[in-house]
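Here's a quick look at charge pairing in one protein chain. Have the structure open and follow along.

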Amino acid sequence: MFFSRLFRKDTRPLLVSFPKSGRTWLRVMLDDLGVTVQYSHDGTDHGRQKSLNRLNADKSPYRGRRTVLLIRDPRDTVVSGYFQVKKRHNIPVGSISDLIRSDNHGIEKILRFNLNWFSAMPRLETARCIQYEDIHRDTAGSLRSILEFWNLEFDSSAIADVVEARTFQKMRTSEEQGVLGERYGTILRPSDVTDPESFKVRKGKIGGYADYLSNDDILYCNKILDKFSYWEKLDETLQKKGINYRRFENL
């Protein structure tokens, strides 16, 4: 009951994502624009080590909130999660091959989290979905579309300036130099400045999982994706509840 009342009272825009789906980049740009947003991993923070069998499929508390679900290729998400768990949370998880098969952090947990949201989307009239990959391909257009969905208006020049200032490489440099740490504290400081894999802003590469996973690991991930018909369900969700954005033009 308290959870439901809390959500009814909160009118802030809401951004939901599984950890390491690209939220930090989007958050910093939104903060630069002065947009107040509530951010949630919906109970899946890696530090909690919650089993996939304990995921909550009930999204009714989110009804009425203007909610954006941010998703990313689960294979990239799980690889990024490995470095988050091992180098930032210091949780002993074994090898990357062990982690992708883990009930607490692995790819099946990511799939189930996203699929729970896909299933709930038709009942959440004010919820939409956007892919990290789309933000990568057209950062300004995606950012504008998110803002418009939240009924927020910004000049094209303001959006363009933020996008230019927050390229992934500039974000990484800001973390390395401590600029982001001054603003956000330890969550945006590298655990070890000499270890590039310990940075919060690590690589953000689309398809980067192939640089870290063995052929057997990739085959395992792909089998899990196929088992749950993930790509088909993602396509259906994006067709019905995806944020439709227009190509950005700086007039």
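## The helix pair: Glu236 and Lys240

Lys240 is exposed, with a relative accessibility of 62%. Keep in mind that this is a predicted model. The partner of Lys240 is Glu236: the two form a salt bridge, and their closest N and O atoms sit 3.2 Å apart. Glu236 is partly exposed, at 43% relative accessibility.

Where do Glu236 and Lys240 sit relative to each other in helix α12? They are four residues apart in that helix, which covers residues 230-241, so about one helical turn separates them.

## The loop pair: Lys59 and Asp42

Now for a pair with a different setting. Lys59 makes a salt bridge with Asp42, and here the closest N and O atoms are 2.5 Å apart. Both residues belong to the loop between β2 (38-40) and β3 (67-71), so the pair ties together parts that are 17 residues apart in sequence.

Is Lys59 buried or exposed? Lys59 is buried, with just 4% relative accessible area. Asp42 comes out at 19% relative accessibility, and it counts as buried because the cut-off is under 20%.

## The long-range pair: Arg101 and Asp217

Arg101 and Asp217 form a salt bridge too, with 2.9 Å between the closest N and O atoms. This one links distant parts of the chain, the two residues being 116 apart. Arg101 is in the loop between α4 (96-100) and α5 (107-120), while Asp217 is in helix α11, residues 215-227.

How accessible are the two ends? Arg101 is partly exposed at 36% relative accessibility, whereas Asp217 is buried at 3%.

## Stepping back to the whole chain

How many salt bridges does a search of the whole structure find? The count is eight, and the pairs described above are among them, including Lys59 with Asp42. As background, side chains of opposite charge can pair when their charged atoms come close.

As for the overall build, the chain has 12 helices and four strands. Of its 251 residues, 54% are buried. The accessible surface adds up to about 12300 Å², and carbon and sulfur atoms account for 45% of that.

Contacts also reach across the sequence: take those between residues at least 6 apart, and 76% of them join residues at least 24 apart. The Arg101 and Asp217 pair, 116 residues apart, is a handy one to look up on screen.

Key
Residues are numbered from 1 along each chain as its sequence is written. This is a predicted model: local features need pLDDT of at least 70, side-chain atom pairs count only at pLDDT 80 or more; totals for chains, interfaces and linings use all residues. Side-chain values use heavy atoms; hydrogens and water are left out. A salt bridge is a side-chain nitrogen of Lys or Arg within 4 Å of a carboxyl oxygen of Asp or Glu. Buried means under 20% relative accessible area, exposed over 50%, partly exposed in between (1.4 Å probe, protein chains only). Contact means heavy atoms within 4.5 Å. Accessible areas come from the Shrake-Rupley method with a 1.4 Å probe; for residues, only the protein chains shown count as cover.
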